[in-house]
Structures are given as structure tokens and as C-alpha cells.
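Hi,

Here is the structure I promised to pass on. Have a look at it first, and then read my notes below.

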Amino acid sequence: MVIASRGAGRSRSPARGPSRSRSRRPIRCQGAIGTSVLSNFLSTVDYPAGKLVLRRNGRVRPEHSMPMWYLGDHFLLSHGTVNGLERMVFLVDTGGGDIGFTAPPATFEAAGIPIPPGGGLHPVTVDEVTLGSVIRRRVPGLSGAFPDWFEHGFGFRIGGLPTHEFFKPYALTFDFGRMRILVNTPR
């Protein structure tokens, strides 16, 4: 989990250089909080408000709710789709800078997303990415950023990784007590 605020410093994204807020002022990374810490709370990352809310107890009434699996010491998993493909396991990541999705080459290929030859990092646009019942269209992505070992390294296939830009319109709550990801659009 990366916490950032508007300030004088800059963080770097491999796809687009320095990260910037909508106001075009640089965003400065304030620190990182691991999933093992967040798992002790009902943790909400409210992207539009730019804040992290940690609660000991309570419930969130979500617009969207999906199962969550907590693997190892910090990997969060759920189900999603890419461009109408069959449902697959996604690794949920909130710290991906200016991108909203990455995946192994096999997912991009099956989804009809052309990847330039020769390896390396290449910006792509994914027509549709879902996480549970959350649907985002025209998601900025990056090919070549998905670590090779993630795809089959856990004993099952990880088909993709929605990240920071995918979640920006939402308040995203990780309910570790009920093992759910809860998503709301702040009003």
C-alpha cells in the first residue's frame, strides 16, 4: 500500500515519468504500509478523497462486494475479466502508479490486445477490465510489467493485476474479517 499526497516531491512511473495529480502538481510518496498491517483493520483506501481510513470495527455498505483471498504475507486475490474473457484470478494491487492494469503476455494475447515485439514495457489500453461486478472501460495498462513468476508461481494461474488507476474513482475497502473487497463510488 502506497500513501501519496500532493507535495514537492515526485514518484516515478515506468510508463509515464513523474506521477502527477489532476492539478498537475507532483505527488509525493509519504510512505508504504504493508498488507500485514492493513489486515488488522477494516481498511479503506478512498482514492477521490486522497485518504486511508483504518477502523477497528464496523461495516461498510458497498455498491460492489467480491470475495478476497489473502495469500502469503501480502498478496490479495479476487476474480475478474479482461475484454470479455472467462473469469480469472487477479492479484489486486493498489500501488501501480499511473497504470490501471497489467497481465502476463498470454492474457493480453487472448484479450486481443496487441503487444509490440521485442519485450520491454509498452503502454496499452484495455477496452474492459472487471473486478467482481466493478467494470472499468478504456483502462490504461502496461505490458511487460507483470513479473513472469506471478503467472503460475502460486500453484494456480494469475491472469492479471488491476492496480492504482483502475481504482481511482472508488473508495476501496479491504474487509479482512469477512474476506471481502468492498467498493463504493464516493458522492
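What follows is a run through what I found, from the whole chain down to a few single residues.

One caveat before anything else: this is a predicted model.

**The chain as a whole**

The chain has 187 residues, and buried ones make up 43% of them. Its secondary structure comes to three helices and 16 strands. If you take the contacts with a separation of 6 or more, 61% of them are between residues 24 or more positions apart. The exposed surface is about 9800 Å², with carbon and sulfur atoms supplying 51% of it.

**The five-stranded sheet**

One thing to pick out is an open sheet of five strands in the order 6-5-15-16-7, paired antiparallel. Strand 6 (51-55) and strand 7 are the edges: each has a single partner strand, so one side of each is left without a neighbour in the sheet. From one strand to the next, the twist averages 15°.

At one edge, strand 5 (residues 42-46) is joined to strand 6 by five bridges, and the two run antiparallel. Ser43 is the residue standing opposite Leu54 there. At the other edge, four bridges link strand 7 to strand 16 (residues 180-184), again antiparallel, and Ser65 stands opposite Leu182.

Strand 7 (residues 64-67) also has a neat alternation in its side chains. His64 and Met66 point to one face and are buried, whereas Ser65 and Pro67 point to the other face and are not.

**Strand 9 and its partners**

How many residues of strand 9 are buried? Eight of the eight are, so this strand is largely enclosed by the rest of the structure. Unlike what you saw in strand 7, where one face is buried and the other is not, both faces of strand 9 are buried. Phe75, Leu77, His79 and Thr81 point one way, and Leu76, Ser78, Gly80 and Val82 point the other way.

Its pairings go like this:

- Strand 8 joins strand 9 through three bridges, running antiparallel; Trp69 stands opposite Leu77. The two form a hairpin with three residues between the strands, and Gly72 takes a positive phi near 65°.
- Strand 10 pairs with strand 9 over five bridges in the antiparallel sense, with Leu76 opposite Val92. This is a hairpin as well, with five residues between the strands and a positive phi of about 45° at Asn83 in the turn.
- Strand 12 pairs with strand 9 over three bridges, also antiparallel, and Gly80 stands opposite Leu131.

**The nonpolar cores**

The largest nonpolar core has 29 residues, and those with the most contacts inside it are Val82, Phe101, Val126, Phe174 and Ile181. Several elements give two or more residues to this core, among them strand 9, strand 10, helix 3 (164-167) and strand 15 (171-175). Strand 12 provides the largest share, four residues. There is also a second, separate core of eight residues, which includes Phe75, Val89, Leu91 and Ile158.

Val82 is a good place to start if you want to look inside the largest core. Leaving out residues up to four places away in sequence, Val82 touches Met88, Phe90, Phe101, Thr107, Ala111, Ile113, Val126 and Glu128.

**Three residues to click on**

Thr130 sits in strand 12 (residues 122-131). Its relative accessible area is 8%, so Thr130 counts as buried. The side chain of Thr130 makes a polar contact with that of Thr81, at 2.5 Å. Beyond four places in sequence, the residues touched by Thr130 are His79, Gly80, Thr81, Phe90, Ile135 and Phe166.

Trp69 is in strand 8 (residues 69-71). Is Trp69 buried or partly exposed? Its relative accessibility is 38%, so Trp69 counts as partly exposed. With residues up to four places away set aside, Trp69 touches Phe75, Leu76, Leu77, Ser78, His79 and Met179. The C-alpha atoms of Trp69 and His79 are 9.8 Å apart, with the two residues ten apart in sequence.

Leu71 is in strand 8 too, and at 25% relative accessibility Leu71 also counts as partly exposed. Outside its neighbours within four places, Leu71 is in contact with Leu77, Phe154 and Phe156. From Leu71 to Leu91, 20 residues apart along the chain, the C-alpha separation is 9.7 Å.

Over to you, and do send questions.

Cheers

Key:
Residues are numbered from 1 along each chain as its sequence is written. This is a predicted model: local features need pLDDT of at least 70, side-chain atom pairs count only at pLDDT 80 or more; totals for chains, interfaces and linings use all residues. Side-chain values use heavy atoms; hydrogens and water are left out. Buried means under 20% relative accessible area, exposed over 50%, partly exposed in between (1.4 Å probe, protein chains only). A polar contact is a pair of N or O atoms within 3.5 Å; within protein, one must be able to donate a hydrogen and the other to accept it, and residues adjacent in sequence count only if both atoms are side-chain atoms. Contact means heavy atoms within 4.5 Å. Two strands pair if DSSP finds at least two bridges between them. Axes are lines fitted to C-alpha atoms, for helices over the stretch in contact, and angles run from 0 to 180 degrees between N-to-C directions. Accessible areas come from the Shrake-Rupley method with a 1.4 Å probe; for residues, only the protein chains shown count as cover. A nonpolar core is a set of buried Ala, Val, Leu, Ile, Met, Phe, Trp, Tyr and Cys residues joined through side-chain atoms within 4.5 Å.
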